[in-house]
Amino acid sequence: VCDWQLSNIGYIQAGFLTAMVDCAYGPMSDVCSGMKSAGTIDMNSYFLRPITMEDEEVTVVVRLTTNTRRIMHFKAELLNSKGKTALEMNINVMKR
């Protein structure tokens, strides 16, 4: 984490946190769809606690919860260095 990624109160900006999740579910959606994912329909983010510079490590967990012929639904969590959920996301991805 770099200083420019922090908000004025010392928290990592929300866009960087959602980008971390995007880097996990994006490739996963390709694999789970047999390389036929077409793109994200929507992403809903729920910020539960901040991530700060003191969090030396974060963990992203992504689960495919629904996989139909046309749409995949993922649930994701970003955990802080203490293993507590900082961000929850629901993501829908369209298939080709």
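Start by selecting Thr85: at 16% relative accessibility, this residue counts as buried, because the cut-off for buried is under 20%. Keep in mind as you look around that this is a predicted model. Thr85 belongs to strand E4. Now show what surrounds Thr85: leaving out residues up to four places away in sequence, Thr85 touches Leu48, Arg49, Glu77, Leu78 and Leu79. For a sense of scale, draw a line between the C-alpha atoms of Thr85 and Val58; the two are 9.8 Å apart in space and 27 residues apart in sequence.

**The sheet**

Next, colour the strands. In what order do the 4 strands of the open sheet lie? Reading across, you meet E1-E4-E3-E2, and the pairing is antiparallel. At the edges sit strand E1 (37-47) and strand E2 (59-67), each of which pairs on one side only. From one strand to the next, the twist averages 20°.

Zoom in on E1 and strand E4 (residues 85-95). These two run antiparallel and are joined by 9 bridges. To see one residue pairing across them, pick Asp42: its bridge partner in E4 is Asn92.

**The helix across the strands**

Select residues 14-32 to bring up helix H1. H1 lies across E1, E2, strand E3 (71-79) and E4, and it runs at about 45° to E2.

Within helix H1, click on Met28. Is Met28 buried or partly exposed? At 24% relative accessibility, Met28 counts as partly exposed. Apart from residues up to four places away in sequence, Met28 touches Val62, Arg63, Leu64 and Phe74. Try another line here, from Met28 to Thr59: C-alpha to C-alpha they are 16 Å apart, with their positions 31 residues apart in sequence.

**A charged pair**

Arg63, one of the residues Met28 touches, is your next stop. Side chains of opposite charge can pair when their charged atoms come close. Which residue forms a salt bridge with Arg63? The partner is Glu77, and the closest N and O atoms are 3.6 Å apart. Glu77 lies in strand E3 and Arg63 in strand E2, so this pair ties together parts that are 14 residues apart in sequence. The structure holds 1 salt bridge. Arg63 itself counts as partly exposed, at 45% relative accessibility. You have met Glu77 before, too: Thr85 touches it.

**Two pairs of rings**

Now show the aromatic side chains. How many aromatic pairs does a search of the whole structure find? There are 2. Trp4 and Phe16 make an edge-to-face pair, 5.3 Å centre to centre with 75° between the planes. This pair links distant parts of the chain, with Trp4 in the segment before H1 and Phe16 in helix H1, 12 residues apart. Turn on the surface to look at their accessibility: Trp4 is exposed, with a relative accessible area of 60%, while Phe16 counts as partly exposed at 25%.

Move on to Tyr25 and Phe74, which form a tilted pair: the centres are 6.1 Å apart and the planes are at 40°. Here helix H1 holds Tyr25 and strand E3 holds Phe74, linking parts of the chain 49 residues apart. Both Tyr25 and Phe74 are buried.

**Into the core**

In soluble globular proteins, nonpolar side chains tend to be buried together. To see this structure's largest nonpolar core, select Val21, Tyr25, Phe74, Leu78 and Ile91, which touch the most other members among its 16 residues. H1, E3 and E4 each supply at least two residues of this core. Which element gives the largest share? That is E4, with 5 residues.

Stay on Ile91 and display its contacts. Neighbours within four places in sequence aside, Ile91 is in contact with Val21, Tyr25, Thr40, Asp42, Met43, Met72, His73, Phe74 and Ala76. Asp42 appears here again, the residue whose bridge partner is Asn92.

**One last stop**

Finish in the loop between E1 and E2, where you will find Thr52. Thr52 counts as buried, at 17% relative accessibility. Show the residues around it: not counting those up to four places away in sequence, Thr52 touches Gly10, Tyr11 and Ile12.

Notes
Residues numbered from 1 in each chain as written. Predicted model: local features only at pLDDT ≥ 70, side-chain atom pairs only at ≥ 80, totals over all residues. Heavy atoms only, no water. Pairing = 2+ DSSP bridges. Axes fitted to C-alpha atoms, helices over the stretch in contact; angles between N-to-C directions. Contact = heavy atoms within 4.5 Å. Buried < 20%, exposed > 50% of the residue type's maximum accessible area, 1.4 Å probe, protein only. Salt bridge = Lys/Arg side-chain N within 4 Å of Asp/Glu carboxyl O. Phe/Tyr/Trp six-rings, centres within 6.5 Å; stacked < 30°, edge-to-face > 60°. Core = buried A, V, L, I, M, F, W, Y, C linked by side-chain atoms within 4.5 Å.
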